[in-house]
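Colleague: I'm new to reading models like this one. Could you pick one spot, look at it closely, and then walk me outward from there in plain words?

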Amino acid sequence: MAFDFGKIKAKKTDAGPLDPIELFQKNKSKITDVGINDLWLGQGDALRDWHEHRDKNDVAIVLNTGAGKTLIGLLVAQSLVNETKGRVVYACASIQLIEQTKEKAESYGLKVSTYYKGQYSNDLYHRGEAPCLTTYQALFNGKSKFKREDISAIIFDDAHAAEGMIKDNFSINIKQNENINLFHSLIELFRPYYHAVGRIGSFDEIISGEFNKVELLPPFEVIKNQAEIHRLLFNSDVPANSNTTFAWEHLKDHLNLCAYLVSSRSIQIIPPIIPISNLTYFQESIRRVYLSATMLTSDSFIRTFGQELDYVVEPATSAGQCERLILFPEQVYGVDDDRYTTKEFISDRKTLILVPSYHLAESWNDVGHVSNNTSMIEDLVSFKGSTAPNTLVLTARYDGIDLPGDTCRHLVMDGLPTGTGLLDRYMWESLRLSNILRSTIACRIIQSLGRISRGMSDHGVVIVIGREYVKWLLTPRNQAYLPPFVQKQIKLGLEVSENCNSADDISPAANACLNRDINWINAYEQFMDDCDTEAIIETDEILKKLALAETSFIKKYWDRDYSGAIKILDKILVEAFSYSSGIGSWYALWIGSCFDLLGDRDRANHYYKRAHGVTKELPRVIGEGPALTSAQVSKQVENIVNEFSITKSASVSVPKYLYSNLEKLDNTGTVNQTEEAIRWLGQYLGLNSTRPDNEHGTGPDNLWINDGIALVIEAKTNKVGQYTKDDIGQLTDHLQWVENNYPGNKKLPFFVGPLICSTKDANPSSDFSVSELTEFKALADKLIAAYEDIARRSMPIALNQEVAAILNERGLVWPKLLDDLSKYQLTELGH
């Protein structure tokens, strides 16, 4: 029988409209979601704005949770498919969210492909007819299929939550309870170092769990043991285990370039900065759209995606601004234990609890079910359909959880969400990079709040507990990074909490919100109308500059161009130290690692020592530097010894930047330069010297600590007029900050400024002292002379004894050196 060629006809293809609003209108007849009649005003504005700027490579679309981002994202994705006839990927945070987004797409009359668990649902994506919904994990893992795809565009949903998910794909986590032999084999490689530096006891306490801390294993010891580290990992199940194989693919050829962090539970192997821009997804030929509930600051965005945004779509809309009562039990009169009070409050209610760590989750075992990664989806489904009383505890999970309306009206947030991995914890706890991490923490808080509140008609009660969490939220500089309506809710919640006469008032206040009490509703609306909000007052240009430098550095470092990497960070190192001693020290450490990898141990040691000298939590280098003998020396002497360098001719040399770091004590610099010079003076004196206000947004201008004595310094070098009540209150507040963060030290409150009296209403304490800046300049001159004499007189092997002797001879021993500092009690200066 002859073949019927009459059936063969060319099919006309309808590429579909490029304008996403036209696409929506054309698709209206296919929409089955009864809640969608037309686009909301904010959605229409966002789509029009994006369409005008669609040719740009990196565009963010910012809308509140519950304001319809998913519809916008799907329309943008299909518009890009129609334009390019190519492959467009839509990244979701989880498989659960893939399914949710797929269901929404179908209800909007839009076709999609999905990819997860190694399977495509259909071939529409490969035919260039529909976008492919997948997970961040599938996109960013080391064995991703998408790396080999000719991708035209990528939509990053929940872009504000992407940082942690991307980091996870570049991180090998070796858990002690799952791989005990490998865990301890790696630990044993570093024991000789900790014996040599006299810290083996502290190290063992961290490994055993007696001390809940994260330790950074020295990069120079990683380089020293790199072959054995590779052997141990290669011969373990790490390359094949489903939990580590995808990260192994990224890291297997770069193990000696990674940071190794250890706690009692696990070892994390991760790049010091994620080499995100090395991936093909960030080529110029690919367009990227970022959907976000809140706008990351420019530096946070760069650190997450390795790119600068070309344009931000942020329509003015109130959609998604749901009603909340945020309560702070710590601020309630008579409450001594906010966690206990909260447990009493939620005992007969249905409550979701979010905590940042399993260690903290254990505190809630007695009142609720603590979920884990393997059972989380089942636990959520069960919880969603349950009735009160019921409590579910989730650990380090701030995305992919939707419990709107009556499915859950109570949320407890316990523990500041500083990070989910060991590197994040180390950055916060040891390097104290609160300024760098502020935007990221704000994003996690916004994510947390959105778990039980999804739209303008929704309402709920949020309880915030933990002193650090409450303090962070009540600090104006931190509030400025939150959306204005959330700031107002925090201020309202503080007012309500402070007006509770006892813990018994918490339930009636919460019930007024939940039961739609008219008095509550009127008070809420009035407060939200009248309340002022905070604005970001500091420029983020230096933060942006640092983030761009990090991105350029890691690109060269990961490609093993160590010389190029050194040039990038060294060029910005002085600015980094000036902004934050923690970030400057972190950069110095990795510059040292680059020199180490180049085989230049002298310069490597210089930077390693500079890093440890400023930030004592960073590893101290041993081996080729000045060695301490068995004689006992003070911590001050030990720190000063580590400031010196040993030349190839075995002579001792003073720190390279000693003179320039102290020169602005002559009162010719800016306020920032003067405070930094005071910090350097403390460091060169062998003290733990920091600038808390600069680094954390709160605390004193300068802080010197050693041997149980804390000099709490407020720099008032440009002061005109008397010391006021506000000045006294500020220093008093910062004394409490020091007590909270460095408990047990004797605190000496100090103004560095002119010798003038206080106002009559100031009432300074009798221990408030004032010294002129010239006194600190004189101390610096005395110290420089001592350093020069130490270098001239010392042999490397006896350096510690020489330092101790000269400090004693010159009256520079801490804290006795303060006796020679000309100072006055503020009360002695009159009014």
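**A close look, starting from one loop residue**

Modeller: Let's begin with Lys117, which is exposed, with a relative accessible area of 70%. Before we go on, keep in mind that this is a predicted model. Lys117 sits in the loop between strand 3 (113-116) and strand 4 (119-120). Its backbone does something you should notice: phi is positive, about 55°, although Lys117 is not a glycine.

Now hop to Asp707, which tells a similar kind of story. Asp707 also has a positive phi without being a glycine, with a value near 50°. Its place is in the loop between strand 22 (702-706) and strand 23 (709-715). Is Asp707 buried or exposed? At 54% relative accessibility, Asp707 counts as exposed, because the cut-off for that word is over 50%.

For contrast, try another loop residue. Ser263 lies in the loop between strand 9 (259-262) and strand 10 (266-270), but Ser263 is buried, with a relative accessible area of 6%. What does Ser263 touch? Leaving out residues up to four places away in sequence, the contacts of Ser263 are Phe183, Ile206, Ile207, Lys213 and Leu422. Take Ile207 from that list: Ser263 and Ile207 are 56 residues apart in sequence, yet their C-alpha atoms are 5.9 Å apart in space.

Ile207 leads us straight into helix 8. Helix 8 covers residues 200-208, and its buried residues are Ile200, Phe203, Ile206 and Ile207. Looking down the axis of helix 8, you'd find these buried residues within an arc of 120°, so they line one face of the helix. There's a handy bit of background here: an α-helix has 3.6 residues a turn, so residues three or four places apart point the same way. And what covers the buried residues of helix 8? The cover includes helix 7 (180-196), strand 8 (215-217) and strand 9. Right after helix 8 comes Gly209, with a positive phi of about 95°.

Helix 15 lets you practise the same reading. In helix 15 (residues 376-384), the buried residues are Met376, Asp379, Leu380 and Phe383. Down the axis of helix 15, they fall within an arc of 100°, so here too the buried residues line one face. Flip to the other side of helix 15 and you meet Glu378 and Val381, both exposed. Among the parts that cover the buried residues are helix 4 (95-107), strand 14 (350-355), strand 15 (369-370) and strand 16 (390-395).

Follow the chain on from helix 15 and you reach Pro389, in the loop between helix 15 and strand 16. A cis peptide bond joins Ala388 and Pro389, with omega about -5°. Another cis bond links Trp814 and Pro815, where omega is about 0°. Pro815 is in the loop between helix 33 (799-809) and strand 26 (824-825).

Let's finish with helices that cross. The axes of helix 20 (residues 484-498) and helix 22 (residues 518-530) come within 10 Å and cross at roughly 125°. That makes helix 20 oblique to helix 22, and the crossing is right-handed. On helix 20, the contact uses Phe485, Lys488, Gln489, Lys491, Leu492 and Glu495, and on helix 22 it uses Trp520, Tyr524, Phe527 and Met528. Sorted by class, the residues of this contact are six nonpolar, one polar and three charged.

Then there's the pair of helix 29 (residues 671-684) and helix 32 (residues 773-793), whose axes come within 11 Å and cross at roughly 40°. Helix 29 is therefore oblique to helix 32, and the crossing of helix 29 and helix 32 is left-handed. Thr674, Ile678, Leu681 and Tyr684 of helix 29 meet Leu773, Phe776, Leu779, Ala780, Leu783 and Tyr787 of helix 32. How many charged residues does the contact of helix 29 with helix 32 have? It has no charged residues, with nine nonpolar and one polar.

Technical notes
Residues are numbered from 1 along each chain as its sequence is written. This is a predicted model: local features need pLDDT of at least 70, side-chain atom pairs count only at pLDDT 80 or more; totals for chains, interfaces and linings use all residues. Side-chain values use heavy atoms; hydrogens and water are left out. Axes are lines fitted to C-alpha atoms, for helices over the stretch in contact, and angles run from 0 to 180 degrees between N-to-C directions. Helices (H or I, at least four residues) and strands (E, at least two) are DSSP runs, numbered from the N terminus. Angles under 35 degrees count as roughly parallel, over 145 as roughly antiparallel, 65 to 115 as roughly perpendicular and the rest as oblique. A crossing is left-handed if the near helix is turned anticlockwise from the far one by less than a right angle, and right-handed if clockwise. Contact means heavy atoms within 4.5 Å. Ala, Val, Leu, Ile, Met, Phe, Trp, Tyr, Cys and Pro count as nonpolar, Asp, Glu, Lys and Arg as charged, and the others, Gly among them, as polar. Buried means under 20% relative accessible area, exposed over 50%, partly exposed in between (1.4 Å probe, protein chains only). The arc is that of the directions from the helix axis to the C-beta atoms.
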